[in-house]
Amino acid sequence: MKGIDVSNWQNGINIGAVQADFVIVKATEGNYYVSPDYKRQADETLKSGKLLGFYHYANGGDVLEEVKFFLNKVKDYIGKAILCLDWEAGGNPLFGVEDNEWTKKFCEYIHTQTGVTPFIYVQQSMMSKVATGYPLWVAQYADMNPTGYQSNPWNEGAYTCAIRQYSSHGRITGYDGDLDINKAYFDRSKWNEYADAKNTQPSNEISNAST
């Protein structure tokens with residue numbers, strides 16, 4: 001499947017007009033930042049019939065504070081969206097230091113509280129450093145040239161991942177600007193399986209988390 005991921009850099013984007021099977025929306029960062037357009041972007045994704053995901057950009061702070069902050073903001077969508085941890089170097093002093101430990105605690109908490117198995121987004125060179133047992137969303141670009149969707153992204157098959165982000169300069173019909181573009185190596189049915197919450201309601205701990 002073909003898809004995009006968006007943040008407040010794409011504030012106001014008309015999701016329904018963009019060619020995509022799925023959209024992964026930035027919801028939160030650290031324990032303080034909420035993407036201003038995330039709810040509108042998410043609701044438009046669902047309304048347009050596209051598959052929805054959310055991601056949290058880690059700052060490497062207190063892991064429980066960050067994961068609770070994230071879940072509190074996306075709790076109304078649990079069961080409707082895949083959940084992802086964005087683990088990268090920018091603003092994250094633990095990147096390259098506590099990759100396995102931090103990502104494991106974050107993902108285990110999500111799974112324990114919601115029943116959802118989260119994804120981990122990480123650059124290709126660090127994919128072996130993060131927690132195992134979770135589907136990987138791997139970033140690796142051939143270059144920074146503008147491109148549309150590619151059936152066979154550069155270096156495809158050199159490693160295994162669930163989703164591949166292969167450009168940050170994607171140009172897709174329906175949006176006049178750069179987009180992160182991705183290829184998912186599974187179908188709609190599997191996406192919905194990943195999103196399925198085994199618990200019917202988020203726990204009280206999520207509901208009572210700091211806003």
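Colleague: In this predicted model, in which loop does Asn155 lie, and is Asn155 buried, partly exposed or exposed?
Modeller: The loop that holds Asn155 is the one between β7 and β8, and within that loop the residue has a phi near 70°, a positive value in a residue other than glycine. Buried would require a relative accessible area under 20% and exposed one over 50%. Because the relative accessibility of Asn155 is 31%, Asn155 counts as partly exposed.

Colleague: Tyr149 lies in the loop between β7 and β8 as well; is Tyr149 buried or exposed?
Modeller: Leaving out residues up to four places away in sequence, Tyr149 touches Lys2, Gly3, Ile4, Gln19, Ala20, Tyr166, Ile172, Ile181 and Asn182. The relative accessibility of Tyr149 is 17%, and the cut-off for burial is under 20%, so Tyr149 counts as buried.

Colleague: How far apart in space are the C-alpha atoms of Tyr149 and Tyr166?
Modeller: Tyr166 is one of the residues that Tyr149 touches. Along the chain the two are 17 residues apart, and the separation of their C-alpha atoms is 9.2 Å.

Colleague: Which residues have the most contacts inside the largest nonpolar core?
Modeller: In soluble globular proteins, nonpolar side chains tend to be buried together. Here the largest such core has 50 residues. Ile4 can serve as an example, being in contact with Ile13, Val18, Phe22, Val23, Ile24 and Leu179, among others, once neighbours within four places in sequence are left aside. The residues with the most contacts inside this core are Ile4, Phe54, Phe70, Leu71 and Trp87.

Colleague: How many residues are in the second, separate core?
Modeller: This second core includes Phe119, Tyr121, Ile163 and Phe186. Of these, Phe119 is buried at 0% relative accessibility, and Phe186 is buried with a relative accessible area of 13%. The number of residues in the second core is 17.

Colleague: Why is the aromatic pair of Phe119 and Phe186 tilted?
Modeller: The pair links distant parts of the chain, with Phe119 in strand β6 and Phe186 in the loop between β9 and α4, 67 residues apart. Their ring centres are 6.2 Å apart, and pairing requires centres within 6.5 Å. Planes under 30 degrees apart would count as stacked and those over 60 as edge-to-face. Because the planes of Phe119 and Phe186 stand at 40°, the pair is tilted.

Colleague: Which residues form one aromatic cluster with Phe119 and Phe186, and over which ring does the charged end of Lys190 sit?
Modeller: The cluster is formed by Phe22, Phe119, Phe186, Trp191 and Tyr194, in a model whose count of aromatic pairs comes to 13. The charged end of Lys190 is 5.1 Å from the centre of the ring over which it sits, and that ring belongs to Tyr194.

Colleague: Which strand supplies the largest share of the lining of the largest pocket?
Modeller: The largest pocket holds about 430 Å³ of space, and of the 24 residues that line it, the closest to its centre are Asp5, Tyr55, Asp86, Glu88 and Asp180. Strands β1, β4, β6, β7, β8 and β9 each supply at least two residues of that lining. The largest share, 3 residues, comes from β6.

Colleague: Tyr57 is found in strand β4; is Tyr57 buried or exposed?
Modeller: With neighbours within four places in sequence left aside, Tyr57 is in contact with Lys26, Thr28, Glu29, Gly30, Glu66, Asp86, Glu88 and Gly90. Two of these contacts, Asp86 and Glu88, are also among the residues closest to the centre of the largest pocket. At 13% relative accessibility, Tyr57 counts as buried.

Colleague: Which residues does Met126 touch, not counting those up to four places away in sequence?
Modeller: Met126 is found in the loop between β6 and β7, and at 14% relative accessibility this residue counts as buried. On the stated basis, the residues that Met126 touches are Phe95, Gly96 and Asp99.

Colleague: What distance separates the C-alpha atoms of Glu65 and Asn31?
Modeller: Glu65 is found in helix α2 and is partly exposed, with a relative accessible area of 43%. Along the chain, Glu65 and Asn31 are 34 residues apart, while the distance between their C-alpha atoms is 6.1 Å.

Notes. Residues numbered from 1 in each chain as written. Predicted model: local features only at pLDDT ≥ 70, side-chain atom pairs only at ≥ 80, totals over all residues. Heavy atoms only, no water. Phe/Tyr/Trp six-rings, centres within 6.5 Å; stacked < 30°, edge-to-face > 60°. Helix = DSSP H or I, 4+ residues; strand = E, 2+ residues; numbered from the N terminus. Buried < 20%, exposed > 50% of the residue type's maximum accessible area, 1.4 Å probe, protein only. Lys NZ or Arg CZ within 6 Å of the ring centre and 35° of its normal. Core = buried A, V, L, I, M, F, W, Y, C linked by side-chain atoms within 4.5 Å. Contact = heavy atoms within 4.5 Å. 1 Å grid on protein atoms, 1.4 Å probe; cavity = no way out; pocket = protein on both sides within 12 Å on 5 of 7 lines; lining within 4 Å. Points joined across faces, edges and corners; volume = space filled by probe spheres on them.
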